[in-house]
Amino acid sequence: MINMHDILETIKMIQDENLDIRTITMGISLLDCADPDIDASCEKVYEKIYSSAKDLVPVGESIEKKYGIPIVNKRISVTPISMLVGASKGDPVKYAKTLDRAAKDVGVNFIGGYSALVHKGFSPGDLALIESIPEALACTEYVCSSVNVGSTKAGINMDAVRMMGSVIKKSAELTCDRQCIGPAKLVVFCNAPEDNPFMAGAFHGAGEPDKVINVGVSGPGVVRSAISKMSDSDDLNMVADVIKKTAFKITRMGQLVGSEASQALGVPFGIIDLSLAPTPAIGDSVAYILEEIGLEQCGSYGTTAALAMLNDAVKKGGVMASGNVGGLSGAFIPVSEDAGMIAAAESGALSLEKLEAMTAVCSVGLDMIVIPGDTAEAVISGIIADEAAIGMVNSKTTAVRVIPAIGKGPGEELDFGGLLGKGPVMSVNEKSPDKMIQRGGRIPAPMQSLKN
Amino acid sequence: MRAVITVIGRDMVGILAKVSGTCADSNANVIEVSQSVLQEFFAMVMLIDISDMNCDIDELRKRLEDNVDQMTIHVMHEDIFNSMHKI
């Protein structure tokens, strides 16, 4: 018989430590929906998504019941819509509304892929899509958008960086009556992965199969709890070892759920994303793991080192547990979705600059950070450029998801509710990078790109 | 196919009888039972064969919850434990 201790450990992880499958995301290629007539194209998009994903939610729920493990989100990612816009022309917002309708009808809680990949330059479809993002996010509920502005291979498209500063600001303004929710659904990437199951940055890359199932696991609470049982005299080698073992167990569960879902839906299993994804639930926090390792509060000196170790140990444990690892696979540090990060930001222990340093050693980037509503567009572009540079030089994914709180300043907060949580307005360095941002052009790819 | 039932809570008379009775009603064969009582805290793990069960796992959990009051009950397919704890 299975060991009683192992059984009770699993039950405790699920019941008390918020262990769950964070998301089953179905990637769907929409390339066969391209049509010179935008209305015909939208109809094909709806049909393809609906017919492919209509069983996603029921299958997810039946797996939850069979294994007794919560699957928090069922989601869809699609081919970057800019490619369809390039073929059909017309108003891209029509696609956003179609995606929103399809997502609602199949019962998923987000659909990602209102995206454009412009790291080396724009096609007309890319430009039209980027310009439409604020309106698309304001008039839809489920649609998530992302734009890839840089890569290690191509460098950074600084014209796109400039545009995104303005898109983020405008998106916040258009949704200022709803806690500025628009930019919370918009990610600006460098080195965006094509198989990421996590929102808001999920899209279905051009190199992916027609349909695929990707799974994102979670479990910061389980890791924190495992470390809390250690003695203060255990050294960091031992801490890393405990993290590895815990990550292995969490990932094996993801592997099981992913293969089961893939089989039930008749869709190939793509990857497991090993990310430690926090939620606002008490105890389900990456910041608390760092504090459990031995920091007085997240944001203190030592935070970057502790996070680097955590991120690496999670990967080492997870890699052996899964056949195919992909997506973002690292620890997430979204401020508004993590109770410990919120507390650290509120107490002043955690600054934007420290978060930027942390993004160099973990996935993904400056995530879910609320900034003052009067932050200049060029400053937002500067934040994006810095993050993209970290990603480009280190051959890793970085991203920016900042939310300008229109009409609010430091000391106030935005409350998005649900998984997106709430975040205090963090102060930013207001010195202007405007002249550099206005230069535009491209930051050339670094030496690291020349690997052949 | 096998599943694991866990029952955790305050010890009282008749827990094992109620759980195994519900299993019998659901046509689930009990393969192995392990239980421990530490002071008043009761924990039982039961391995059952669900190949010929007359309901699904979730329905069995509901029946158990109806029959056994005030206990935390989980019914989970054994594969989750095998995949998490065995290499």
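Helix α2 of chain B, residues 57-67, lies across β1 and β4 of the same chain, at about 160° to β4(B). Contact here is set by C-beta atoms, placed from the backbone, lying within 7 Å. The axes are lines fitted to C-alpha atoms, for helices over the stretch in contact, and angles run from 0 to 180 degrees between N-to-C directions. Helices (H or I, at least four residues) and strands (E, at least two) are DSSP runs, numbered from the N terminus.

Before I go on: this is a predicted model, where local features need pLDDT of at least 70, side-chain atom pairs count only at pLDDT 80 or more, and totals for chains, interfaces and linings use all residues. Residues count from 1 along each chain as its sequence is written, while chains are lettered from A and ligands numbered from 1 in the order in which they are written.

OK, the sheet under that helix. Chain B has four strands in an open sheet, ordered β2-β3-β1-β4, with antiparallel pairing; two strands pair if DSSP finds at least two bridges between them. At the edges stand β2 (29-38) and β4 (72-77) of chain B, each with a single partner strand, so one side of each has no neighbour in the sheet. From one strand to the next, the twist averages 15°. Strand β1 of chain B, residues 2-10, runs antiparallel to β4(B), and six bridges join the two. If you want a spot to look at, B:Thr6 sits opposite B:His74 in β4(B).

Over to chain A. It has 15 helices and 13 strands. Its radius of gyration, taken over C-alpha atoms, is 21 Å, close to the 22 Å from the globule rule for 452 residues, so chain A is as compact as a globular protein of that length. That rule is 2.2 Å times the number of residues to the power 0.38. The C-alpha trace of chain A spans about 60 × 50 × 50 Å along its principal axes. Of contacts in chain A between residues at least 6 apart in sequence, 80% join residues at least 24 apart.

How much of chain A is buried? The figure is 60% of the 452 residues. Buried means 20 or more other C-beta atoms within 10 Å of a residue's own, exposed means 12 or fewer, and partly exposed is in between, with C-beta atoms placed from the backbone.

Strand β2 of chain A, residues 71-78, is a nice case: six of its eight residues are buried, so it is largely enclosed by the rest of the structure. Seven bridges tie it in parallel to β1(A), residues 21-28, and three tie it in parallel to β3(A), residues 110-117. Look at A:Ser77: it is the bridge partner of A:Gly27, and it also stands opposite A:Gly112 in β3(A).

Now a helix pair. Helices α10 (286-293) and α11 (303-321) of chain A have axes that come within 10 Å and cross at roughly 105°. They are therefore roughly perpendicular; that label covers 65 to 115 degrees, with under 35 roughly parallel, over 145 roughly antiparallel and the rest oblique. A:Ile289, A:Leu290 and A:Ile293 meet A:Thr303, A:Ala306, A:Leu307 and A:Leu310. That contact has six nonpolar residues, one polar and no charged. Ala, Val, Leu, Ile, Met, Phe, Trp, Tyr, Cys and Pro count as nonpolar, Asp, Glu, Lys and Arg as charged, and the others, Gly among them, as polar.

Last, where the chains touch: 19 residues of chain A contact 21 of chain B. On the chain A side, α1(A) gives the most, six residues.

Definitions and conventions:
Contact = placed C-beta atoms within 7 Å.
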